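Thank you all for making time this morning. I would like to walk through the side-chain contacts of one model, and then finish with the empty space inside it.

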Amino acid sequence: MRKSFSKRQWLLTLLLCLIPTVALAADEAAGEPFLQQLDAAFGQVVKVIFDILFFSIGGFPLIVLWLIGGAIFFTVRMGFVNFRMFGHAIDIVRGKHDDPNAPGEVSHFEALATALSATVGLGNIAGVAIAISVGGPGATVWMTLGGLLGMSSKFVESTLGQKYRIIKRDGKVAGGPMYYLSRGLAEIGLAPLGNALAILFSICCIFAAFGAANMIQVSQSYGAVKEVFPIYPWIYGLVLAILVGLVMIGGIHRIGQVAGTIVPVMCVLYVIAALWILLINFTEIPGAVGTIFQQAFSPQAVEGGVIGVIVQGFRRSTFSNEAGVGSAAIAHSAAKTDRPVKEGLVALLEPFIDTVVICNMTALVIVITGVWNNPEYEAIRKAGEGAALTSKAFGSQISWFPVLLSISVFLFAFSTMISWSYYAERAWEYLFSERSLIVYRILFVIAVFIGAIAKPQSVIDFGDATFFAMAIFNLLGMYFLANKVAEDLKDYQQYLKEPKL
């Protein structure tokens, strides 16, 4: 039987794994030859992937059409479950329908918090500002619509994650798209396709975790934190790497506990600040809402016209809530329940909280304060510095907000990283077995440090590209398995109507 690592051995491993990063730091000071070569190699691959994903069809990028089409299909196929059973989903999260003896590792709330910790992040702060800068205030309408429709995609993928998960002899859960793609499609006679999709999804998930959910989170959060708390990048990277490593040791239990604490705090802090600004500018809200809707259908001076606004809205919606990407299904597969549909209903709350509530608050503040078209901030908008633009919007009303924002950005980035570390860990285990997880964990922690001391842009872009590519493989499998989810939903609704003894 394989001997497991003790906590002391883990701490030693984490310290040792940072040694290579010191060499990389020295390499950076000498001109970054290694990182430059790595960046150039990834750059060529990134171009090919982006050319495919963002191939224009009638002005719409292929990936945007793919996600919109999937969200609409699942909304209709599931009988608008995102609206019909919204209240019941809240009751499940509150613990009203909990079964303490149900199999799994974490509670419904902890699974929701873990998934939310991965989605509620820089997309809500920076992504909204970028969408408005590029597509105008009208992008908010399409971002909101994307969030509402995305609730159905989240329901389907998280239900499938529960339905086809594997519970090991030690009680640990292995689940997510790689399992429902391989096992689910095998059930309907499409095993070769299912295995291929599962492998491709797992590969993309790992690269997305290292790029979009690791290095870019560290880099952007450091940019916000250093404005208020001056700190050397290598110190910031070292501290964050150790914190992430310590949480990774505890697995989904520790991640769920940390996320269950951090997510409510960071959401409350951010929402209170937004609500305060909206309250003191209450009379300007109707005008701001009017501007948003007007710009959604008749944009002025916006590149790409109405189509450009729609594309920006849906694209940022996906970045924000990850609906259709399949990542959240990994977290929800670990929840304690004997009815997969229950966890699917919990999952549909994520896009609502993340996109419909938090993103709209950010958008209203940006529009009300006028930073979206203020010439003073033209340089920030052109540079695509979304977090900085949001900081200017909030800071114009709350002088101390930059301090709060830097704390929020740090928490958002940290929570995203620990959740995605679990997602990629499950994908790594699917491809290479549990025994090799130590290799993955060391590499992930090293990537945290690299994200602070260097900016391998093509590597980060590759992470973004593979993030969207996950949706290609995931949604394809979901289409084939939609009927099974619809049948389970019908059975669950019948179960709710039955008298309980």
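R426 and E429 both belong to helix α21, where they stand three residues apart, about one turn of the helix, and their side chains meet in a salt bridge with an N to O distance of 2.3 Å. Please keep in mind throughout that this is a predicted model. Both R426 and E429 are buried, and for E429 the relative accessibility is 9%, which counts as buried because the limit is under 20%.

What else does E429 form a salt bridge with? The partner is K168, with the closest N and O atoms 2.2 Å apart, and here the pair links distant parts of the chain, since K168 lies in the loop between β3 (166-167) and β4 (173-174) whereas E429 lies in helix α21, 261 residues apart. K168, unlike the buried E429, is partly exposed, with a relative accessible area of 23%. Through shared partners, the salt bridges join K168, E425, R426, E429, E434 and R441 into one network.

The count for the model comes to eight salt bridges, and one of them is formed by the side chains of K484 and E187, at 3.3 Å from N to O. K484 sits in helix α23 and E187 in helix α10 (residues 177-187), so this salt bridge ties together parts that are 297 residues apart in sequence. With a relative accessibility of 24%, K484 counts as partly exposed.

Let me turn to the aromatic rings. A search of the whole structure finds 21 aromatic pairs, and among them is the pair of F54 and F468, whose ring centres are 5.7 Å apart and whose planes stand at 85 degrees, so the arrangement is edge-to-face. This pair, too, links distant parts of the chain, with F54 in the loop between α3 (33-53) and β1 (56-57) and F468 in helix α23 (residues 457-497), 414 residues apart. Are these two residues, F54 and F468, buried or exposed? Both F54 and F468 are buried, and both also take part in a cluster in which ring pairs link F50, F54, W420, Y423, F467 and F468.

A further edge-to-face pair is formed by Y236 and F410, at 6.1 Å centre to centre and with 70 degrees between the planes. Y236 lies in helix α12 (residues 233-249) and F410 in helix α21 (residues 401-432), 174 residues apart, so that pair again links distant parts of the chain. The surroundings of the two rings can be stated separately: Y236 is buried, with a relative accessible area of 5%, while F410 is partly exposed, at 22%.

One contact of another kind deserves a mention, namely that the charged end of R339 sits over the ring of Y495, 3.8 Å from the ring centre.

Finally, the empty space. The structure holds one cavity of 30 Å³ or more, and about 130 Å³ of space lies in the largest cavity. Of the 14 residues that line the largest cavity, the closest to its centre are L67, A71, G146, T318 and A323, and the elements that give two or more residues to this lining are α4 (62-77), α9 (139-163) and α15 (305-321). What is the make-up of the lining, in nonpolar, polar and charged residues? The lining of the largest cavity divides into seven nonpolar residues, seven polar residues and no charged ones.

Terms used
Residues are numbered from 1 along each chain as its sequence is written. This is a predicted model: local features need pLDDT of at least 70, side-chain atom pairs count only at pLDDT 80 or more; totals for chains, interfaces and linings use all residues. Side-chain values use heavy atoms; hydrogens and water are left out. Rings of Phe, Tyr and Trp (its six-membered ring) pair if their centres lie within 6.5 Å; planes under 30 degrees apart count as stacked, over 60 as edge-to-face and the rest as tilted. Helices (H or I, at least four residues) and strands (E, at least two) are DSSP runs, numbered from the N terminus. Buried means under 20% relative accessible area, exposed over 50%, partly exposed in between (1.4 Å probe, protein chains only). A charge sits over a ring if NZ of Lys or CZ of Arg is within 6 Å of the ring centre and within 35 degrees of the ring normal. On a 1 Å grid over the protein atoms alone, a cavity is a set of points where a 1.4 Å probe fits but cannot get out, and a pocket is an open set with protein on both sides within 12 Å along at least five of seven lines; lining residues have an atom within 4 Å of a point. Grid points are joined across faces, edges and corners, and a volume is the space filled by probe spheres set on the points. Ala, Val, Leu, Ile, Met, Phe, Trp, Tyr, Cys and Pro count as nonpolar, Asp, Glu, Lys and Arg as charged, and the others, Gly among them, as polar. A salt bridge is a side-chain nitrogen of Lys or Arg within 4 Å of a carboxyl oxygen of Asp or Glu.
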